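The following exercises are to be worked with the sequence and the coordinates at hand. Each task is followed by a solution in steps.

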Amino acid sequence: YDIDNTIDDLKKYTKDCDFVFHLAGVNRPKNIEEFYEGNTNFTELLCASLEAHNNKCPILISSSIQAKQSNDYGKSKKEGEQILIRHAMNIDTKVYIYRLANLFGKWCRPNYNSVVATWCYNIAHDLDIQINNPNTKLELCYIDDVIDEFLNALEGHPTISFGEYNKVHPTYEITLDELSKLIYSFKEQSNTLIMPEISDDSLEKKLYSTYLSYLPKEKVSFPLKMNIDERGSFTELLKTEKCGQFSVNISKPGITKGQHWHHSKWEFFIVVSGHGLIQERKIGSDEVLEFEVSGDKIEAVHMLPGYTHNIINLSDSENLVTLMWANEQFDPNRPDTYYEEV
C-alpha cells in the first residue's frame, strides 16, 4: 500500500495480511498539518481497518529518535506510536516500534534529509560540503542492519526491546567533524592507496561501502603508478593501516629480481602467471632454499626475515607475474632492505 492506493485498497489488504510493515511517513511537508496527517492520522486509519477485520497480525512501525523531541515531526511520530500501543492492547496483538536513528546506506537520496548521503555524494563529485557545528554528534544506523532486524521481527524474535520500544543494533555515534574527515579519507584512497581499518561491524566498513555507491563513472577506476625499467615493472596496489600492503611485480623473460633481505619485514610471493624460481638463503649460511613456482599451480611462498631472496623468470618468452604482500607499508625512511645476492 502506497500513496497512490485508495482507502478501499487498504481495507482489502488489511483483511488477510499476516504482518504489517508500516514504513509510511512524512518528514518534509509543505505545512505542519501534513506531519500529523501522514504520521498520526494514517496510523489511526491503519489500526482501525485491522480492528474492523479483527486481524491480529503484528505491526512494525519505523518511528524515529525524533519522537523524543518537542518539534512537530517528533510529536506526530510519538502520537503514531501511542495509537499503535493502544491498538495492541485493544485486540491483544504485538507491535514493534523502532525509533530509528539517522539512517545511511547505498541509494539514499542526497541533498534531501541525510547528511551522510549528501556528503558522500558531494565529496565523491568534488563538491563542497557545509558544516555548521563540527562538534555536533550524530547517531547513525546502517540500512542493512535495519533490514536484518526487521526480518528478525517478522520471524517473531526482535533482537532488542526496551519496554514498549525496539532498537536496531548497532548504532554509531560520531561528530560532524569526524564524519567529514572519514569520508574525505575514502576519497583520498585512490591517491594514498591506504584502506581504512574496516573490521567487522565497524562504521568505517559500512560507511565506505556507502561512499562507493555514489562514485561517478569516471572515478570507478583509477590509474596506479607503475615503476617500469628494463627488467619489467613493480606496482603498489593497496596499503592497509595495520596489515601491510599488496603489490604486483612483473619480470621479463630471464630476469632476476630481489637479491636483498630484511631484518623484521616478511612477505608472501604468489606467482599468478608464468614460470619462475624463488631462492632464499639465510644470512651467514651457504644453504639455498629453492621453490619452483608457476601460475599453473598457485602457491604462497614466505620470504623469511634474515634470508636474502630473489625471484627468477625461467621463461624465454613469457612475463612472470607475482602478487606480493608485505607485513608492513614501505617506509622510505626505514626501508629495512639490505642488498646481498643469494
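**Exercise 1.** Which strands each supply at least two residues of the lining of the second largest pocket? Characterise this pocket in the predicted model.

*Solution.*
Step 1. The strands that meet this condition are β10, β11, β12 (245-251), β13, β14 (267-273) and β19 (320-326).
Step 2. Among these contributors, β11 gives the most, with four residues.
Step 3. The lining comprises 25 residues, and those nearest the centre of the pocket are Phe234, Asn249, His260, Glu267 and Met324.
Step 4. By class, the lining residues are eight nonpolar, ten polar and seven charged.
Step 5. The space in this pocket amounts to about 570 Å³.

**Exercise 2.** Determine how β10 and β11 are connected and paired.

*Solution.*
Step 1. Strand β10 covers residues 226-229 and strand β11 covers residues 232-240.
Step 2. Two residues form the link of the hairpin between β10 and β11.
Step 3. The two strands run antiparallel and are joined by four bridges.
Step 4. One bridge can be assigned by residue: aspartate 229 has glycine 232 in β11 as its partner.

**Exercise 3.** Give the strand order of the open sheet of five strands, and explain why one side of β16 and of β20 is left without a neighbour.

*Solution.*
Step 1. The order is β16-β15-β18-β13-β20, and the pairing is antiparallel.
Step 2. The edges are occupied by β16 (288-294) and β20 (338-339); each has a single partner strand, so one side of each has no neighbour in the sheet.
Step 3. For β20, the pairing with β13 (residues 256-261) is antiparallel and consists of two bridges.
Step 4. Within this pairing, histidine 260 of the sheet is bridged to tyrosine 339 in β20.
Step 5. His260 also appears among the residues nearest the centre of the second largest pocket.

**Exercise 4.** How many cavities of 30 Å³ or more does a search of the whole structure find, and which residues line the largest cavity?

*Solution.*
Step 1. The search returns one cavity of 30 Å³ or more.
Step 2. The volume of the largest cavity is about 40 Å³.
Step 3. Its lining consists of Arg99, Leu100, Ala101, Glu139, Cys141, Lys167, Val168 and Thr171.
Step 4. Two or more of these residues come from each of β3 (95-100) and β5 (137-142).
Step 5. The lining divides into four nonpolar residues, one polar residue and three charged residues.

**Exercise 5.** Identify the salt-bridge partner of arginine 99 and state which elements the pair ties together.

*Solution.*
Step 1. The partner is glutamate 81, with the closest N and O atoms 2.7 Å apart.
Step 2. Arginine 99 belongs to strand β3 and glutamate 81 to helix α3 (residues 72-91), so the salt bridge ties together parts 18 residues apart in sequence.
Step 3. The count of salt bridges comes to 14.

**Exercise 6.** Locate the nonpolar surface patch and two backbone features.

*Solution.*
Step 1. The patch is formed by Phe21, Leu23, Ile147, Leu151 and Leu154, which together have about 430 Å² of accessible area.
Step 2. Helix α5 (residues 143-154) gives the most to the patch, with three residues.
Step 3. The peptide bond from histidine 169 to proline 170 is cis, with omega near 0°; proline 170 lies in the loop between β7 (165-167) and β8 (172-175).
Step 4. Aspartate 92, a residue other than glycine, has a positive phi near 55° and lies in the loop between α3 and β3.

Methods. Residues are numbered from 1 along each chain as its sequence is written. This is a predicted model: local features need pLDDT of at least 70, side-chain atom pairs count only at pLDDT 80 or more; totals for chains, interfaces and linings use all residues. Side-chain values use heavy atoms; hydrogens and water are left out. Two strands pair if DSSP finds at least two bridges between them. On a 1 Å grid over the protein atoms alone, a cavity is a set of points where a 1.4 Å probe fits but cannot get out, and a pocket is an open set with protein on both sides within 12 Å along at least five of seven lines; lining residues have an atom within 4 Å of a point. Grid points are joined across faces, edges and corners, and a volume is the space filled by probe spheres set on the points. Ala, Val, Leu, Ile, Met, Phe, Trp, Tyr, Cys and Pro count as nonpolar, Asp, Glu, Lys and Arg as charged, and the others, Gly among them, as polar. Patches are made of residues with over 30% relative accessible area and no salt bridge: like charges are joined within 9 Å, nonpolar side chains (Val, Leu, Ile, Met, Phe, Trp, Tyr) within 5 Å. Accessible areas come from the Shrake-Rupley method with a 1.4 Å probe; for residues, only the protein chains shown count as cover. A salt bridge is a side-chain nitrogen of Lys or Arg within 4 Å of a carboxyl oxygen of Asp or Glu.
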